[in-house]
Amino acid sequence: MSTATKPSGRTVRRGERIVRVTIKRQDAPGAAARWERFDVPIEPGANITSVLQWIAANPTTVEGKRSTPVVYDSGCLEEVCGSCTMVVNGKVRQACSALMDDLCPGAGDEVILEPMTKFPVLRDLSVDRSRLFSALKRVRAWVPVDGTYDLGPGPRESAEKQETRYVLSTCMSCGCCLEACPQYTLEADEKKWDSSFVGAAVLSQARYFNEHETGRTLEKVRLDELSRPGGVSDCGNAQNCVRVCPKEIPLTESIGAVGRSVTLHRLKQFFTGR
Ligand code: SF4
Ligand code: SF4
Ligand code: FES
């Protein structure tokens with residue numbers, strides 16, 4: 001088999017498809033970012049995660065400079081945990097489900113990897129999504145049972161309700177909808193998280209738990225929270241969120257449902273004082 005040598009010093013086999021991978025790198029929170037380029041041989045069925053694994057084993061740039069493995073997050077490797085979310089060729093998505101055969105079908109194609117911009121960068125492609133989890137706490141995104149004793153069977157739920165709620169339950173807190181949202185801006189100051197926009201994922205989770213037969217016991221607290229600054233009225237209805245959600249969650253429908261609930265809640269408070 002004939003071979004050639006790339007600038008990185010690596011031998012390339014004839015017929016091997018090489019793709020250029022350009023990565024935005026940052027050594028620490030707040031540090032300056034820089035770009036590095038790697039030429040990576042692509043196996044059929046490879047995804048971005050496997051490309052990053054290859055670079056970890058061969059961290060030499062196209063200029064032949066020895067670098068370090070790229071830092072990124074991953075967990076499930078099947079688009080369920082949301083931890084590997086990053087910006088791939090300008091589109092926010094999961095690295096594990098981004099297939100190189102779709103992204104870069106030809107030899108010499110390029111893929112550009114960047115961290116999400118709405119969350120503080122920890123290192124390279126790894127970001128801190130704490131604000132998202134903090135907002136889920138703000139709206140009490142849970143069913144209030146303590147689990148220390150048997151409560152017996154819960155209230156029955158209709159098949160229609162289950163159908164509506166199932167898709168909402170598939171949210172993996174990946175952050176794609178927040179990355180795409182013009183109303184959701186980077187906010188590293190934790191003191192401001194209590195009044196900054198919660199974002200589409202959290203509004204949808206508030207709807208999910210408000211529609212749960214037991215979860216709705218906290219409905220009033222959730223609607224109180226979503227009536228405040230950073231709640232549903234901060235949504236500008238640009239609808240970017242629903243276009244990028246990998247789980248196809250009907251986010252604008254959820255936002256509309258929460259908006260109506262908040263309006264009714266305020267009217268009720270106005271007339272009854274409760
Ligand atoms: S509809 Fe609301 S939450 Fe969705 S992208 Fe637009 S402003 Fe953001
Ligand atoms: S709503 Fe969709 S895009 Fe937003 S965090 Fe959940 S799964 Fe990700
Ligand atoms: S590793 Fe879990 S979604 Fe990609």
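Among the contacts in the protein chain with a separation of 6 or more, 65% are made by residues 24 or more positions apart. The model in which these contacts are found is a predicted one, and its secondary structure comes to nine helices and nine strands. Taken along the principal axes, the C-alpha atoms fill a box of roughly 80 × 40 × 40 Å, and of the 274 residues 43% count as buried. The chain exposes about 14100 Å², of which carbon and sulfur atoms supply 51%.

A good place to begin inside the structure is helix α6, which runs over residues 200-210. Because eleven of its eleven residues are buried, this helix is largely enclosed by the rest of the structure. The buried residues include Ala200, Leu203, Arg207 and Phe209, and what covers them includes α3, α4, α5, α7, α8 and α9. One of these covering helices, α7, has buried residues of its own, namely Arg222, Leu223, Glu225, Leu226 and Ser227, and they pack against α3, α6 and α9.

Just before this helix, in the loop between α5 and α6, is Phe197, which counts as buried because its relative accessibility is 5%, under the 20% cut-off. Leaving aside neighbours within four places in sequence, Phe197 is in contact with Arg131, Cys181, Gln183, Tyr184, Leu203, Gly230, Gly231, Asp234 and Cys235. One of these partners, Gln183, is 14 residues apart from Phe197 along the chain, and their C-alpha atoms are separated by 7.3 Å.

Another loop residue, Ala95, lies between β6 and α2, and with a relative accessible area of 0% it is buried. When residues up to four places away in sequence are not counted, Ala95 touches Asn47, Ile48, Thr49, Cys84 and Met86.

Charged side chains also connect parts of the chain, and the count of salt bridges comes to 16. In one of them, Asp124 pairs with Arg25, with the closest N and O atoms 3.0 Å apart. This pair links distant parts of the chain, since Asp124 is in the loop between β8 and β9 while Arg25 is in strand β3, 99 residues apart. Both partners are buried, as Asp124 has 0% relative accessibility and Arg25 likewise has 0%. In a further salt bridge, Lys65 is joined to Glu36, the closest N and O atoms being 3.9 Å apart; here Lys65 belongs to the loop between α1 and β5 and Glu36 to strand β4, 29 residues apart. Glu36 is buried, with a relative accessible area of 4%.

A third bridge leads back to the helices, for the side chains of Glu253 and Arg207 meet at 3.3 Å, N to O, and the pair links helix α9 with helix α6 across 46 residues of the chain. Glu253 counts as partly exposed at 44% relative accessibility, whereas Arg207 counts as buried at 8%. Elsewhere, salt bridges that share partners join Arg25, Asp27, Arg34, Glu36, Lys65 and Asp124 into one network. Over the whole chain, the mean positions of the 37 positive and 34 negative charges are 3 Å apart.

The path ends at the surface, where Leu264, Leu267, Phe270 and Phe271 form a nonpolar patch with about 520 Å² of accessible area together. Phe271 has its place in helix α9, which covers residues 251-272. Because its relative accessibility is 66%, over the 50% cut-off, Phe271 counts as exposed.

Notes: Residues numbered from 1 in each chain as written. Chains lettered and ligands numbered in written order. Predicted model: local features only at pLDDT ≥ 70, side-chain atom pairs only at ≥ 80, totals over all residues. Heavy atoms only, no water. Patch = residues over 30% accessible without salt bridge, like charges linked within 9 Å, V, L, I, M, F, W, Y side chains within 5 Å. Areas by Shrake-Rupley, 256 points an atom, 1.4 Å probe, with all protein chains shown as cover. Salt bridge = Lys/Arg side-chain N within 4 Å of Asp/Glu carboxyl O. Helix = DSSP H or I, 4+ residues; strand = E, 2+ residues; numbered from the N terminus. Buried < 20%, exposed > 50% of the residue type's maximum accessible area, 1.4 Å probe, protein only. Contact = heavy atoms within 4.5 Å. Lys, Arg positive; Asp, Glu negative; His and termini not counted. Charge placed at Lys NZ, Arg CZ, Asp CG, Glu CD.
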